[in-house]
Amino acid sequence: MIRIECQTGRVVELPVADLRRADLSGYALHRAILTGKDLEGSSFAAADLRNALLDHANLRSCKFENAKMANIVLVESDLSGADMRGAHLVGAVFDGAILRNADLSGADIAFASFRRADLRGAIMGSAIRRDC
């Protein structure tokens, strides 16, 4: 069992022994603090990660399809090969993040920040950006 603290003081208990390759699909992780965690290969499909802190985290090959990720902080995180198709990323902060070969098809990236982010090979053609 792993316990994740949230900025609200709430604690989420997960029935997993390791966060790598964990299936966290659909979990309510609003304002979760996951700074610097190794979550490689985990699934957050349809999870609620609004306002979560995932800065400096290993998120390589993670699945975030249709996840609620508004205002999430992903500063300097490695999201290489991540699947973010259809994710709600309004106001997300990807500053300094690695998004090589990540798929953001159909994701809502309005007001998201990608300063100094590595977007080589990222698929963003159908991403929605209303603030341009």
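Colleague: How much surface does the protein expose, and what share do carbon and sulfur atoms supply?

Modeller: In this predicted model, the protein exposes about 6200 Å². Carbon and sulfur atoms supply 48% of that area.

Colleague: And what percentage of the residues is buried?

Modeller: Buried residues make up 48% of the 132 in the protein. A residue is called buried here when its relative accessible area is under 20%.

Colleague: What does the radius of gyration say about the overall form?

Modeller: The idea is to set the value beside the one expected for a compact globule. For 132 residues that would be near 14 Å, and the protein has 13 Å, so the two agree. Along its principal axes, the C-alpha trace spans about 40 × 25 × 25 Å.

Colleague: Where are the mean positions of the positive and negative charges, relative to each other?

Modeller: They are 2 Å apart, with 17 positive and 17 negative charges going into the two means.

Colleague: How many helices and strands should I look for?

Modeller: Look for two strands and zero helices. Strand β1 covers residues 2–5, and strand β2 covers residues 11–14. The two run antiparallel and are joined by four bridges. Together they form a hairpin, with five residues between them. In the turn, G9 has a positive phi of about 95 degrees.

Colleague: How do I read the two faces of a strand?

Modeller: Start from the general pattern: side chains in a regular strand alternate between the two faces of the sheet. In β1, I2 and I4 make up the covered face, while R3 and E5 lie on the uncovered one. For β2, the covered face has V12 and L14, and the uncovered face has V11 and E13.

Colleague: Which residues of β2 pair with R3 and stand opposite I2?

Modeller: R3 has E13 as its bridge partner, and I2 stands opposite L14. You can link this to the faces: R3 is on the uncovered face of β1, and E13 is on the uncovered face of β2.

Colleague: Is M1 buried or exposed?

Modeller: M1, in the segment before β1, is exposed, because its relative accessible area is 64% and the cut-off for exposed is over 50%. Leaving aside neighbours within four places in sequence, M1 is in contact with E13, L14, P15 and V16. As for K37, 36 residues along the chain from M1, the C-alpha atoms of the two are separated by 16 Å.

Colleague: Is N58 buried or exposed?

Modeller: N58 is buried, with a relative accessible area of 12%. You will find N58 in the segment after β2. Not counting residues up to four places away in sequence, N58 touches R20, K37, D38, L39, E40 and D78. The C-alpha atoms of N58 and S80 are separated by 9.0 Å, with the two residues 22 apart along the chain.

Colleague: What share of the contacts joins residues at least 24 apart?

Modeller: Among contacts between residues at least 6 apart in sequence, 6% join residues at least 24 apart.

Colleague: What should I know about the sign of phi?

Modeller: Most residues other than glycine have a negative phi. Against that background, look at A46, which is not a glycine and has a positive phi of about 60 degrees. A46 sits in the segment after β2. N101 is also a residue other than glycine with a positive phi, near 60 degrees. N101 is found in the segment after β2 and counts as exposed, at 54% relative accessibility.

How values were computed: Residues numbered from 1 in each chain as written. Predicted model: local features only at pLDDT ≥ 70, side-chain atom pairs only at ≥ 80, totals over all residues. Heavy atoms only, no water. Rg over C-alpha atoms; globule rule 2.2 N^0.38 Å. Buried < 20%, exposed > 50% of the residue type's maximum accessible area, 1.4 Å probe, protein only. Contact = heavy atoms within 4.5 Å. Areas by Shrake-Rupley, 256 points an atom, 1.4 Å probe, with all protein chains shown as cover. Lys, Arg positive; Asp, Glu negative; His and termini not counted. Charge placed at Lys NZ, Arg CZ, Asp CG, Glu CD. Pairing = 2+ DSSP bridges.
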